[in-house]
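Here are some friendly notes to read alongside the model. I have kept them as numbered points, so please take them in whatever order suits you.

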Amino acid sequence: MQERYGYVVGFIIATFFTISFLMTAIVSLLNPVPAFEVVQVSPLFSWMNPITGYVVHITGNIFFAAVAIFFALACWRKYNEHT
C-alpha cells in the first residue's frame, strides 16, 4: 500500500515539472525578449550567441518536458499495476 502512494507522489511531481517546463517554453516563444535577456546574462548560455542560446533554451525545456511526461506515465502505469 505504501508503494502505491510513492507512485502517486511521483506522478504529481512529474506532472508539476511537465507543466512548468511547457509553460516556460510557451512563454519564451510568445515573448522572446525576456528569454533573450536571460540567455545573455546566464553563465550557461552567455558563451553562445543569443539566437543559439534561445534555441537551446527552448529545445531543452521541450526535452525536459518530454522526460517528465515519460516519468509521469511510468508512475501512472506502475500505480495501475498494483490495483
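1. A word on terms before anything else: helices here are DSSP runs of H or I with at least four residues, numbered from the N terminus. With that in hand, Val9 can be placed in helix H1, which covers residues 2-30. Please keep in mind that this is a predicted model.

2. On the overall fold, the chain contains 3 helices and 0 strands. Following the sequence from start to end, the pattern reads α-α-α.

3. What radius of gyration does the chain have, set against a compact globule of 83 residues? The chain comes out at 17 Å, whereas such a globule would be near 12 Å. The box filled by the C-alpha atoms points to the dimensions involved: roughly 50 × 25 × 15 Å along the principal axes.

4. Burial and surface can be taken together. Of the 83 residues, 27% count as buried. The accessible surface amounts to about 6000 Å², and carbon and sulfur atoms account for 76% of that.

5. The contacts deserve a look as well. Taking those between residues at least 6 apart in sequence, 65% link residues at least 24 apart. One residue to inspect here is Thr18, which also sits in helix H1. Beyond its neighbours within four places in sequence, Thr18 is in contact with Ala65, Ala68 and Ile69. Thr18 has a relative accessible area of 10%, so it is buried.

6. Val9 makes a useful companion to Thr18 in your viewer. Its relative accessibility is 46%, and therefore Val9 counts as partly exposed. Between the C-alpha atoms of Val9 and Val33 there are 36 Å in space, for a separation of 24 residues in sequence.

7. How do H2 and H3 cross? In general, a pair of packed helices is described by the angle between their axes and the distance between the axes. For helix H2 (residues 32-41) and helix H3 (residues 50-81), the axes come within 9 Å and cross at roughly 105°. Because of that angle, H2 is roughly perpendicular to H3. By class, the contact between H2 and H3 has 7 nonpolar and 3 polar residues, with no charged ones.

8. The residues behind that contact are easy to select. On the H2 side they are Pro32, Ala35, Phe36, Val39 and Gln40, and they meet Pro50, Ile51, Gly53, Tyr54 and His57 in H3.

9. Phe36, in helix H2, is worth a closer look. Leaving out residues up to four places away in sequence, Phe36 touches Pro50, Ile51 and Tyr54. Is Phe36 buried or partly exposed? With a relative accessibility of 22%, Phe36 counts as partly exposed, because buried would require under 20%. The C-alpha atoms of Phe36 and His82 are 46 Å apart, with their positions 46 residues apart along the chain.

10. Finally, consider two residues in the loop between H2 and H3. Ser42 is located in that loop, and Pro43 lies in it too. Ser42 is buried, at a relative accessible area of 16%, whereas Pro43 counts as exposed, at 70% relative accessibility. From Ser42 to Gly53, the C-alpha distance is 9.7 Å across 11 residues of sequence. From Pro43 to Ala65, the C-alpha distance is 22 Å, and the two are 22 residues apart in sequence.

Methods
Residues are numbered from 1 along each chain as its sequence is written. This is a predicted model: local features need pLDDT of at least 70, side-chain atom pairs count only at pLDDT 80 or more; totals for chains, interfaces and linings use all residues. Side-chain values use heavy atoms; hydrogens and water are left out. The radius of gyration is taken over C-alpha atoms; the globule rule is 2.2 Å times the number of residues to the power 0.38. Buried means under 20% relative accessible area, exposed over 50%, partly exposed in between (1.4 Å probe, protein chains only). Contact means heavy atoms within 4.5 Å. Accessible areas come from the Shrake-Rupley method with a 1.4 Å probe; for residues, only the protein chains shown count as cover. Axes are lines fitted to C-alpha atoms, for helices over the stretch in contact, and angles run from 0 to 180 degrees between N-to-C directions. Angles under 35 degrees count as roughly parallel, over 145 as roughly antiparallel, 65 to 115 as roughly perpendicular and the rest as oblique. Ala, Val, Leu, Ile, Met, Phe, Trp, Tyr, Cys and Pro count as nonpolar, Asp, Glu, Lys and Arg as charged, and the others, Gly among them, as polar.
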